[in-house]
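The following exchange examines how the structural labels applied to a protein model follow from computed values. Each answer sets a value beside the criterion that it must meet.

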Amino acid sequence: MFSTINGELPCLDCVFFYIWLELFVPHTSLKWYQSFSSLVCRKLTHGSALLLLPNSTNTAIYTGFPCCIIKFHCLGFKSTHLKSCIEWTSLDLTSGDETFHAFFIPSRTTFSGKHSLTVTDSHRVRSRDRLLVKCGRGKALMGRLSLTCLEFPQQLFSAMRGDQPFYFAGMPVCWRLLLLVCVCIVLPAQGQGALVVSHRDALVEETNQAVGTRSIQKRGANMENMIEVHSFQVSCAVTSRFAHTVMTSKALNKANASQEIFFEVELPKTAFITNFTIETNGHVYVGVVKEKEKAKKEYEKAVSSGKTAGLVKASGRQMETFSMSVNIAAQSNVIFVLTYEELLLRKLGQYEILTRVKPKQPVKEFQISVNIFEPQGIAFVEATGTFLTNQLLPLVDKTVTDTKALITFSPTLEQQRKCPTCEGTKIEGDFVVKYDIKREENLGEIQIVNGYFVHFFAPPDLLRVPKNVIFVVDRSGSMSGQKIKQTREALAAILKDLHEDDHFALIQFDSDIITWKDSVVKATKGNVTDAIAYVQKLKDRGATNINAALLKAVEMLMKERQYKRLPERSVDMIILLTDGMPNHGVSNLQAIQANVRSAIDGKMSLFCLGFGNDVDYSFLDVMSKENKGLARRIFEASDAALQLQGFYEEVASPLLLEVDLRYPDNTVDFLTKNHHSHLFNGSEIVVAGRLDDSRHFDNFLVEVFAQGPEADFQVQGKAKVADWDVVYPEDKYIFGDFTERLWAYLTIQQLLEKSRIGGQEEKDRITAEALNMSLRYNFVTPLTSMVVTKPETEDGPDSPLIADKLTEEQRQRAERHHGSSAQAAQPRHHSNVDGDPHFMIELPDRDDALCFNINDKPGTIFNLVRDPKTGFVVNGEIIEKKKFVEDQKMNTYFGRLGISHKTLGVKLEVNTQDISVFRGGKQVKLPWSQLTSLKDTSMDLQLTKNCSLTVTLRHSIKFMVIRHTKVWKRRHDQQHYLGFYTLDSHHLSNSVHGLLGQFYHGVEFEVTDLQQKTDATMYVKGQTLNVTRHWQKDFSKDVMNGENIPCWFVGNDGAGLIDGRASDYIVPDIF
């Protein structure tokens, strides 16, 4: 099938040649030689053909020689490629030592000698031959090809001479004119769209499929609908905090040709993959864990070809993505099974099981199940989900007994759909189970199974130990803008949380070191108030002298200890916040680490917070671990202040210091870390070890020694070992060797941490020990790789793939290259309404936008945003144009907005005259002409001179309201109206809806049949819509002039794009 290029038809002789093929060449004469996967190029229109010509000379063409037409079926469409490769001129085909040249038929350029192909009678093009396509602008793209070779009579080419275009010799003029009329009718109808396929074509297709006319359908209609994801199941069994999770997906290829099927899931970054299998056609392919370096050398060819990259990638702050694809034969199914394990850590008084699901489509058998077995007793269990709407929430089934809990979520196919006629699924996001256990004894809980033991220690009802904390804050130039603002906000909240028996100090540094006071002071109400006022004046400037700042903090604490101005039973802490590399004073990282280690000398703890991606996290991590602390990354995002506060909450309340857990020397070996510097409120210490199985453990004595706030803490007792067969008589098959695997997991994690500090010889020894354990227990760790062999295809065995475990440094490097993980995890979709009223949904991740109008009578109130979980609501009232001219369209605008947040107790009524703020039973009225700033713990309101109101509601949303004044100079008239812009909505739940709110989490759509770059067909939410390219003004960045944004305009009040009808969003009142 020919296609128009940039609105132009191919030359007539090429058209005649194509029609001649269709009408006069019998299908039985077609010979298939090869057919292979799609071209990497993402631009060619459906059915575009490339003609490989015989050599053009002054002699007759070779008798009976085959001519090949190569057809491309592209994987996707991007406007950027369309612009850069608007005209295609030629391609080179390389096979063996020969290079062939071919010319693209849909072009006005005539055939000439330089666009010829010289071949030999014995040559055949192979499926893996290289293809180089040259663009008219000098660019080139590499790819693979699909080709069909046809045999044509000699007479077809006999008239071709030299540089002259060929003609149909002997064809009467009337026939040529008749063919031309056919072309004028057929081509416009069939050359308008681009076929976009998400799964690769079959390696071998039937002949009539190859040469027959293909219909232009929406994305995936030909192939994607032929892939049926039959089931997706997540099964998690938690036994005494050790979680064993199995993700299983079964897919069926319903097509008559083989297709590529993708498997992509996310798992916590703290988990170790232990198994991955692919089952298809009666064969099972199992991933093998090997030493990382050996695996890379063994599969060097796969590594060098780039095929190993990407099985595991960072996903957001806490997750990793495991993804791969396999080619599955026609009418066959495939089962993917991924298994991973992790030890759940207790934070702020609870354990969390996070399952992230993104099935992309409704699934026949979808289930998440979590089994929790805690013989000590379960205190509470909660199950939530970012995608759990009011309709889905009742489907979460929770059964809890004293020692066991079962949580399941199994929506039907219809319950998963976004709407009854939609193809999309509501199930996308996080399913979170939180729980804690009963704690009645100070000794803690001990489990002994199959010769291994684990001890969980977090005694209840302990008093907190006072702390002496110095905040060392980077104020260098790189902290400018949002970073310094968020730091001020976080420090103010942290200072408010200090206890009165705490002591604190503030140090800010750039190239200079500035202290708030010369000594550490008690956290009295007056001192805290003064400190908050001080940090509000924090401004960025200068370079970064980390070494001098930390040494100053150590000196201050040492001095206070020397003069005994601090409580004897208290803990000394330094919290460093920095966003960059040291570049003033001592800048060598190893020297700084040595200086700080020597100065602290084990007498205090150092916690390091690395803000953003410019900081060397490894440097901070090692320095913290060397000084009884830990490091944490703070991601550049709108919630950075909350991240800082969240970290502080974890370490704000120490309960015990220098905790030493002891076990009988003659019965225990291979013990994990049993001395811990701190036990913080809401956390837990876990120790595991291997036992001498020749002895009896009825007298297994456990002792714990620590320092408390008033006296030394000491407890001892004999272990009370639960009889699992008695506690769980029906479930004993589940547990097996969980204590051994928990011990191995914990040992490897601690060895990996220790391998980062100390001398090189010690590092090598520890690394070798961690590697041996990783291999023994089949864990994918930073020292091992899982080698995955894919099923064979028609082209033979494929290259193996390698799944690695990412370190935090690798995650950080990937973010530097691809952008912040926070941004990746939370793509921004900006939705706004402004003008007549024009609604626009900007999709930065797609570099595109959608827009629509709502027309209704003045006084109508529409719901723009409604989030039932957070209680955030925005309603807008329509006003009419001040002067209405007969026989002209009546323009309407939004003239009043009602914005409320039930949880925060905030209401704002905004109209074109003023803004009313309702809070705590009080009302404040602000005229647009007044420059105002209102700020408290839950709301930040800024009213600027250019009539823009910016409001941030804590843990919810950030938005802007702009008052416009439209002036008609000829009529000496003006119109005031409002625009509403959503700046940050990622904190809102997946239940958010409304005319704007329904798009806060994005919208999937495809645009095809583009005509003259303005009109097109859009497939969205299961609907087929006619859309037009429009321009819409966005005033959020330039309030005065605005920015022109191209968008696809959906008429008829957004019908088909919005859920339901516009009238469904009408509400009776502004609040």
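**Reasoning from values to labels**

Q: How do you know that the length of helix α13 agrees with its number of residues?
A: The model is a predicted one. Helix α13 (residues 640-651) has 12 residues, which at 1.5 Å a residue should span 16 Å; its end C-alpha atoms are 17 Å apart, so the two values agree.

Q: Which residues of α13 are called buried?
A: The term requires under 20% relative accessible area. The buried residues of α13 are Ala 640, Ala 641, Gln 643, Leu 644, Gln 645, Phe 647, Tyr 648 and Val 651.

Q: What span is expected of helix α15, and what span does it reach?
A: Helix α15 (residues 738-754) has 17 residues, for which 24 Å is expected at 1.5 Å a residue. From its first C-alpha to its last, α15 reaches 24 Å, close to that expectation.

Q: Why is α15 described as largely enclosed by the rest of the structure?
A: Of the 17 residues of α15, 14 are buried, and therefore the helix is largely enclosed.

Q: What makes α8 roughly antiparallel to α9?
A: Helix α8 (residues 482-496) and helix α9 (residues 525-535) pack at an angle of about 175 degrees, and their axes are 9 Å apart. Angles over 145 degrees count as roughly antiparallel, and that is therefore the description of α8 against α9.

Q: Which residues bring α8 and α9 together, and how do they divide by character?
A: From α8, Arg 488, Leu 491, Ala 492, Leu 495 and Lys 496 meet Val 528, Ala 531, Ile 532 and Val 535 of α9. The residues of this contact comprise seven nonpolar, no polar and two charged.

Q: Why is one side of β14 and of β40 left without a neighbour in the sheet?
A: Three strands form an open sheet in the order β14-β39-β40, with antiparallel pairing. Because β14 (288-291) and β40 (801-804) stand at the edges with a single partner strand each, one side of each has no neighbour in the sheet. Neighbouring strands of this sheet are turned against each other by 35 degrees on average, direction ignored.

Q: How many bridges support the pairing of β39 with β40, and what packs on the sheet?
A: Two strands pair if at least two bridges are found between them; strand β39 (residues 784-788) and β40 have four, in the antiparallel sense. Val 787 has Ile 802 in β40 as its bridge partner. Helix α16 (residues 760-776) packs on the sheet, touching β14 and β39, and its direction makes about 165 degrees with that of β14.

Q: What makes β11 and β15 edge strands?
A: An open sheet of three strands runs in the order β11-β16-β15, and the pairing is antiparallel. The strands β11 (259-268) and β15 (312-315) each pair on one side only, as edge strands do. From one strand to the next, the twist averages 30 degrees.

Q: Which strands does β9 pair with, and in what sense?
A: Strand β9 (residues 227-239) runs antiparallel to strand β10 (residues 242-253), joined by 12 bridges. With strand β19 (residues 365-373), β9 pairs in the parallel sense over nine bridges. Glu 228 stands opposite Leu 252 in β10, while Val 234 has Ile 368 in β19 as its bridge partner.

Q: What makes β9 mostly covered?
A: In β9, 10 of the 13 residues are buried. In the hairpin of β9 and β10, with two residues between the strands, Ser 240 takes a positive phi near 45 degrees.

Q: Why does Thr 950 count as buried?
A: The relative accessibility of Thr 950 is 17%, so this residue counts as buried, the limit being under 20%. Thr 950 is found in strand β52 (residues 948-953). Leaving aside neighbours within four places in sequence, its contacts include Asp 940, Lys 958, Phe 959 and Leu 983.

Q: Why is Asp 461 called exposed?
A: Its relative accessible area is 77%, and exposed means over 50%; Asp 461 therefore takes that label. Asp 461 is found in the loop between β25 (452-457) and β26 (467-474), and has a positive phi of about 60 degrees although it is not a glycine.

Key: Residues are numbered from 1 along each chain as its sequence is written. This is a predicted model: local features need pLDDT of at least 70, side-chain atom pairs count only at pLDDT 80 or more; totals for chains, interfaces and linings use all residues. Side-chain values use heavy atoms; hydrogens and water are left out. Axes are lines fitted to C-alpha atoms, for helices over the stretch in contact, and angles run from 0 to 180 degrees between N-to-C directions. Angles under 35 degrees count as roughly parallel, over 145 as roughly antiparallel, 65 to 115 as roughly perpendicular and the rest as oblique. Contact means heavy atoms within 4.5 Å. Ala, Val, Leu, Ile, Met, Phe, Trp, Tyr, Cys and Pro count as nonpolar, Asp, Glu, Lys and Arg as charged, and the others, Gly among them, as polar. The expected span of a helix is 1.5 Å times one less than its number of residues. Buried means under 20% relative accessible area, exposed over 50%, partly exposed in between (1.4 Å probe, protein chains only).
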